[in-house]
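Me: Please take a close look at a single part of this structure, down to which residue pairs with which. Then carry on from there to the other pairings and packings, in one connected account.

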Amino acid sequence: LAQADSRLDLLRRVAELIPDDRDPSRVEHSIFHMLRQRVFGIALSYDDLNDHDTLRHDLLFQSVTGKGRALASSPTLCRFENRTNRQCAWAINELLIENFIASHASAPEELILDFDATDDPVHGEQEGRFFHGYYGHYCFLPLYAFCGSHLLAAWLRPSGIDGARGAWFLLRVLVKRLREAWPEVKITLRADSGFCRWRMLRWCEKHKVNYIVGLAKNSRIKEVAAELMEQAENQFKESKQKARLFAWIDYQAKTWDHSRRVIAKAEHTEGGANPRFVITDLKGEAQALYDEVYCARGDMENRIKEQQLGLFADRTSCHAWWPNQFRLLLSSLAYTLIDHIREVGLKGTELAQAQVGTIRLKLFKIGAVIVSNTRRVRVHLSSACAWQKEFLHAASHLQSSA
């Protein structure tokens with residue numbers, strides 16, 4: 001983790017964005033050291049501030065954070081988290097975009113931007129809490145943007161809003177910055193039906209951004225696709241096996257400015273009809289676009305699960321709003337480091353596509369003897385470690401790439 005951070009120079013740059021009004025002559029724990037302490041702790045599954053009351057005395061943890069002596073206590077870390085504000089949170093998201101751009105040695109030909117939201121259950125009477133009817137509980141509604149496995153933005157939102165709120169603004173920011181870096185790059189927006197807003201699609205058309213976005217089922221679209229759905233039902237009745245038919249249809253809601261092309265998927269199984277609709281301006285065969293392009297957005301959902309379940313992005317238990325936004329970003333920074341370890345350190349190994357929990361179990365949290373003196377900290381690893389080949393491969397590649 002320390003090697004990945006040094007290679008990206010990520011947490012040092014983030015630390016420069018966090019306000020610090022403390023008296024320099026009285027500062028014992030710098031913003032940079034506390035940031036490393038929190039992000040590395042989350043990566044290692046120590047998501048609670050109370051964990052650091054013990055962890056702060058760990059010799060190896062002290063060494064990799066760069067301090068070399070007792071680290072910050074939980075009250076100090078709590079005050080650290082409460083220093084952030086809107087400007088800081090947005091600047092960190094901008095830094096994630098810059099990190100993504102810097103990860104490319106040459107300009108890519110095409111980028112697919114995945115947008116999605118998820119529920120983040122609240123922890124009591126917190127600022128911004130709302131009851132969400134779809135999820136059935138009080139929660140926040142963070143917005144994520146990914147490109148492949150790269151996290152581009154993570155923004156905390158209250159759940160009492162339209163699920164697409166803020167997505168249009170974020171898309172504009174991303175497109176503008178990515179085209180500043182790569183003027184000729186082809187950009188495609190991919191999202192589920194929660195982001196199907198015709199003004200957003202019109203903006204994409206105007207700015208030459210392609211889109212492939214889910215379209216919620218309604219009585220009108222079902223009526224337009226009725227013939228195709230009937231064909232699928234008849235095919236199932238004849239073969240007694242799942243029937244899937246695809247076709248292009250034109251559809252325009254009453255409030256839209258013009259009609260748009262929609263991929264209609266008519267599926268019929270033992271459970272009955274299961275139609276799906278996707279609106280897109282991409283060219284090609286309907287089934288290929290649906291199966292190979294649109295359905296590939298499911299990988300982003302796995303990345304969000306890594307954030308929420310593996311890196312505790314839902315540990316937003318502060319009372320105030322902006323510390324919770326900062327905790328979401330701490331999880332995002334931990335994800336960025338681990339994704340870099342996958343991409344560089346574990347490339348070509350069995351763990352190159354492993355999820356955060358697997359990498360943590362097999363490479364991060366393993367048995368060792370730690371010996372410290374005034375000159376160095378030495379780590380004695382077991383020669384019987386089952387994943388020593390992958391461990392040494394990752395350490396070697398991250399060090400040589402630094």
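Reply: In this predicted model, the bridge partner of Phe131 in E4 is Tyr138. The pairing belongs to E3 and strand E4 (residues 137–140), which run antiparallel and are joined by three bridges. Together with E2 they form an open sheet of three strands, ordered E2-E4-E3, with antiparallel pairing. Strand E2 (120–121) and strand E3 (130–132) are at the edges with a single partner strand each, so one side of each has no neighbour in the sheet. In a regular strand, side chains alternate between the two faces of the sheet.

Another antiparallel pairing lies further along the chain. Strand E13 (residues 368–372) is joined to strand E14 (residues 377–381) by five bridges. Ile370 is placed opposite Val379 of E14, and the hairpin that links E13 to E14 does so through four residues.

The helices come next. Two packed helices are described by the angle between their axes and the distance between those axes. For helix H3 (residues 31–43) and helix H6 (residues 74–81), the angle is about 105° and the axes are 11 Å apart. H3 is therefore roughly perpendicular to H6. The contact is made by Ile31, Met34, Leu35, Gln37 and Arg38 of H3, which meet Thr76, Leu77, Phe80 and Glu81 of H6.

Leu35 also appears in the largest nonpolar core: among its 62 residues, Leu35, Tyr144, Leu333 and Leu337 touch the most other members. Helix H14 (residues 321–345) supplies the largest share of this core, 12 residues. Outside its neighbours within four places in sequence, Leu333 contacts Leu10, Leu11, Val14, Leu35, Val39, Ile92 and Leu96. A separate second core has 52 residues, including Ile97, Ile221, Ile249 and Ala253.

H14 also packs against helix H13 (residues 298–310), at an angle of about 120° and with the axes 10 Å apart. The two helices, H13 and H14, are therefore oblique to each other, and the crossing of H13 past H14 is right-handed. From H13, the residues Arg303, Glu306 and Gln307 meet Ser331, Ser332, Tyr335 and Arg342 of H14.

Ser331, one of the H14 residues in that contact, can be followed further. Is Ser331 buried or exposed? Ser331 has a relative accessible area of 0% and is therefore buried, the cut-off for buried being under 20%. Apart from residues up to four places away in sequence, Ser331 touches Ile42, Gln307, Leu311, Phe312 and Ala313. Ile42 and Ser331 are 289 residues apart along the chain, yet their C-alpha atoms are separated by 6.8 Å.

One last helix is H9 (residues 198–206), whose buried residues are Trp198, Met200, Leu201, Trp203 and Cys204. These residues pack against both helix and strand elements: helix H8 (167–181), strand E7 (186–191), strand E8 (210–214), strand E10 (260–269) and strand E12 (276–280). After H9 comes Lys208, with a positive phi near 60°.

Note on methods:
Residues numbered from 1 in each chain as written. Predicted model: local features only at pLDDT ≥ 70, side-chain atom pairs only at ≥ 80, totals over all residues. Heavy atoms only, no water. Pairing = 2+ DSSP bridges. Core = buried A, V, L, I, M, F, W, Y, C linked by side-chain atoms within 4.5 Å. Buried < 20%, exposed > 50% of the residue type's maximum accessible area, 1.4 Å probe, protein only. Contact = heavy atoms within 4.5 Å. Axes fitted to C-alpha atoms, helices over the stretch in contact; angles between N-to-C directions. Parallel < 35°, antiparallel > 145°, perpendicular 65-115°, else oblique. Left-handed = near helix turned anticlockwise from the far one by under 90°.
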